[in-house]
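Trainee: Could you walk me through this one? I'd like to know what the terms rest on.

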Amino acid sequence: MNTAPQQRRGSATPRIDLSLELCGLRLAHPILNGSGTFDAIAARRAFGEAVDSRFPFSIFVSKTITPELRAGNPPARLYETPSGLINSIGLPNKGLDGFLAQDLPELTRLPAPLCVSVMAPSREGFAALVEGVGSCDEVAAIELNVSCPNVKSGLIVGEQPAETQALCEALRPLTGKPLIVKLTPNCADPAAVAEAAVSGGADAVSLINTLRATALHPGTLEPWLGAGSGGLSGPAIAAIALDQVRRVAAAVSVPVIGMGGIESGADALAMLSAGATAVAVGTASFRDPLAAERIRLELAAELTGRGLERLPDRPLASTSS
Ligand SMILES: Cc1cc2nc3c(=O)[nH]c(=O)nc-3n(C[C@H](O)[C@H](O)[C@H](O)COP(=O)(O)O)c2cc1C
């Protein structure tokens with residue numbers, strides 16, 4: 001990782017206080033990563049200590065872990081669309097025990113608080129994950145990935161307000177750590193699901209996860225992806241993300257972490273203006289692992305250009321009117 005040009009750009013950073021409080025955590029700035037889009041352990045293996053000295057996220061959100069080890073989906077797992085990426089990675093992970101033994105010690109070394117993303121096909125599975133990671137001092141927060149079917153009902157939890165509320169109510173007593181519910185965009189009314197999550201005890205919500213999508217092989221006309229379909233991310237979903245964040249932020253009083261296609265400081269500013277307290281960078285990090293650093297610098301410049309010296313408490317749109 002060559003640091004020289006970035007440091008020159010960094011020295012011209014506008015003087016602005018980007019710090020904020022999120023779920024009781026004091027953060028240097030509002031740029032997080034989207035779960036599953038930045039492999040901090042592999043990055044440290046490739047770039048060494050440079051990753052720590054220029055770590056671009058104020059919280060690190062882990063890849064989603066499940067109770068048991070998962071191999072993930074068969075290849076192909078990625079398909080590039082105009083302005084987007086369809087992935088069907090399928091949550092490969094070491095399971096709870098493997099995560100605690102192997103990944104947690106590595107992730108704890110990062111210079112940012114750790115949020116662990118968890119998902120299970122049953123309430124009992126979620127409970128085991130929340131209790132397992134919740135008992136670790138190194139874990140600052142837990143993100144519940146509810147884009148999963150409940151094996152008992154067959155319903156995708158995050159598509160159903162009642163299922164989401166019941167899950168949160170069951171998990172809330174199991175940990176004192178902040179619970180962030182990661183909403184799916186693949187439902188009729190994400191704001192109703194967000195309200196249900198908050199009624200169940202969620203401390204914050206994050207959105208959007210990927211949009212269900214399919215690509216066909218141009219020759220065979222069979223599905224390109226090994227799993228048949230996947231989830232779309234990147235700039236292609238930015239306008240949908242902005243709309244859903246705006247609706248959700250208007251419906252709940254807890255912090256909203258906005259994501260979906262953020263590629264620039266202007267995109268981050270738009271998300272904050274829509275009511276997000278913080279934003280997450282996902283697909284952009286695949287093309288440039290330091291995209292989040294650039295986005296933070298651009299956001300600072302955008303705010304400075306508007307005469308602000310710190311992040312406003314209220315959504316930016318209402319600040320300027
Ligand atoms: C390759 C890939 C893997 C992802 N893995 C996860 C995951 O494990 N858990 C999760 O909650 N979201 C996952 N996501 C969704 C992102 O965290 C994010 O919500 C979504 O990509 C939208 O943001 P973006 O357009 O900036 O990428 C993944 C996205 C991509 C592209």
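Trainee: What makes the pair formed by an oxygen atom of the ligand and a polar backbone atom of I208 a polar contact?

Mentor: A polar contact is a pair of N or O atoms within 3.5 Å. The ligand oxygen and that polar backbone atom of I208 are 2.8 Å apart, so the pair fits the definition. Taken alone, the ligand exposes 610 Å², of which the protein buries 97% (accessible areas by the Shrake-Rupley method with a 1.4 Å probe). Mind that this is a predicted model, where local features need pLDDT of at least 70 and side-chain atom pairs 80 or more, while totals for chains, interfaces and linings use all residues. Residues are numbered from 1 along each chain, and side-chain values use heavy atoms, without hydrogens and water.

Trainee: What about T64 and the ligand?

Mentor: A polar side-chain atom of T64 sits 2.6 Å from a ligand nitrogen, and a backbone N or O atom of G261 lies 2.7 Å from a ligand oxygen. Both T64 and G261 are among those that come nearest, of the 23 residues around the ligand (a heavy atom within 4 Å).

Trainee: Why is α7 called oblique to α8?

Mentor: Helix α7 (residues 190-199) and helix α8 (residues 238-251) pack at about 40 degrees, axes 8 Å apart. That makes them oblique, because angles under 35 count as roughly parallel, over 145 as roughly antiparallel, 65 to 115 as roughly perpendicular and the rest as oblique.

Trainee: And how do α5 and α6 cross?

Mentor: Their axes come within 10 Å and cross at roughly 40 degrees, so α5 and α6 are oblique too.

How values were computed. A polar contact is a pair of N or O atoms within 3.5 Å; within protein, one must be able to donate a hydrogen and the other to accept it, and residues adjacent in sequence count only if both atoms are side-chain atoms. Axes are lines fitted to C-alpha atoms, for helices over the stretch in contact, and angles run from 0 to 180 degrees between N-to-C directions. Helices (H or I, at least four residues) and strands (E, at least two) are DSSP runs, numbered from the N terminus.
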